[in-house]
Amino acid sequence: MTKIVILTGAGISAESGVPTFRDANGLWEGYEVDEVATPRAFHARPDVVHAFYDARRAALEGVEPNPAHAALARLERTLVDAGHHVLVVTQNVDDLHERAGSSRVLHMHGQLRSALCAACGERTPWTSALAHGPKCPVCGAPELRPDVVWFGEMPYEMDRIFAALDEADLFVSIGTSGAVYPAAGFVQYAAARGARTLELNLEPSEGTHWFHEARHGPAGLLVPEWVDQLLS
Ligand code: OAD
């Protein structure tokens, strides 16, 4: 039985038209991270933070999964049917892996199409805006916030992610700059526990030297090629 853990970042959704964070025209180019992606920013200027995430949630309506998402879904279907393990750990807050057909996906940085109640802590699937202060369907408090992990907050699912990395035979990182921890450290962690490691990214990431192998180019080409190779 083979166990594969695949880490994805903004680069896998770039060809779908979802902006990355750190490339030219990336999301952080027009914003200071401190203005929109910290609990302090939300406390100080909730209107600005809500407008930022409401716009990104609305933009999901107009995008579709690309061949890289589809290839990972095909990999999962084929290998899981044959008794192997495939887990996607994504830093992305879009839902393109799920829309492409992947079912084993952990969103370590949360999801745009989910709202988190700051009063009761419950999560609710959410596809519309939050800026107007809708009530939490569970407790009724008008305290819903984007269910995304901000800088200074603990990423989700860390226990399950490290348990999967502990057992992985292969760790593959796709479309991430390697600039943000803890995800940037997964390659070293997995390699130290015996996994082979592969990077698929447009250009060398900040941690490219940690991987056993790195292939550089657009995910829409590299990922289907890699999946074909693995399944052949
Ligand atoms: P980044 O914007 O930091 O990095 C995107 C990476 O994808 C870069 O290395 C690009 O070269 C690469 N890339 C761009 N287009 C690509 C393509 N077509 N095919 C393959 N690779 C491509 O995004 P992340 O690494 O995902 O966190 O950023 C990590 C975290 O930083 C995000 O989850 C977010 C951000 O701050 C939070 O908001 C908590």
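These are my notebook entries on the ligand in this structure and on the two domains of the chain.

**Entry 1, the model.** I began by noting that I was working with a predicted model, and I kept that in mind for every value below.

**Entry 2, the domains.** I looked up the domain assignment of the chain, which gives domain 1 as 3-18 + 66-109 + 155-231 and domain 2 as 19-62 + 113-148. I then checked how the two are placed, and found that the C-alpha centres of domain 1 and domain 2 lie 25 Å apart, while their contact takes 15 residues from domain 1 and 12 residues from domain 2.

**Entry 3, the place of the ligand.** I asked myself where the ligand sits, and I found it in the largest pocket. Because domain 1 and domain 2 both give residues to the shell around the ligand, I could write down that it lies between them.

**Entry 4, the shell.** I went through the 24 residues around the ligand, and noted that F21, R22, H109, T176 and S177 come nearest. Sorted by class, the shell holds 10 nonpolar, 10 polar and four charged residues.

**Entry 5, polar atoms.** I looked next at single atom pairs, starting with A10, where a polar backbone atom is 2.8 Å from an oxygen atom of the ligand. For E15 the side chain is involved, with one of its N or O atoms 2.8 Å from a nitrogen atom of the ligand. In E203, a polar side-chain atom lies 3.0 Å from an oxygen atom of the ligand. I closed by looking up the cover, and recorded that the ligand taken alone exposes 800 Å², of which the protein buries 94%.

Technical notes: Residues numbered from 1 in each chain as written. Predicted model: local features only at pLDDT ≥ 70, side-chain atom pairs only at ≥ 80, totals over all residues. Heavy atoms only, no water. Near = heavy atom within 4 Å. Polar contact = N/O pair within 3.5 Å; in protein donor to acceptor, adjacent residues only side chain to side chain. Areas by Shrake-Rupley, 256 points an atom, 1.4 Å probe, with all protein chains shown as cover. 1 Å grid on protein atoms, 1.4 Å probe; cavity = no way out; pocket = protein on both sides within 12 Å on 5 of 7 lines; lining within 4 Å. Sits in = over half its atoms within 2 Å of the grid points. Nonpolar A, V, L, I, M, F, W, Y, C, P; charged D, E, K, R; others polar. Domains from an automatic or database assignment. Contact = heavy atoms within 4.5 Å.
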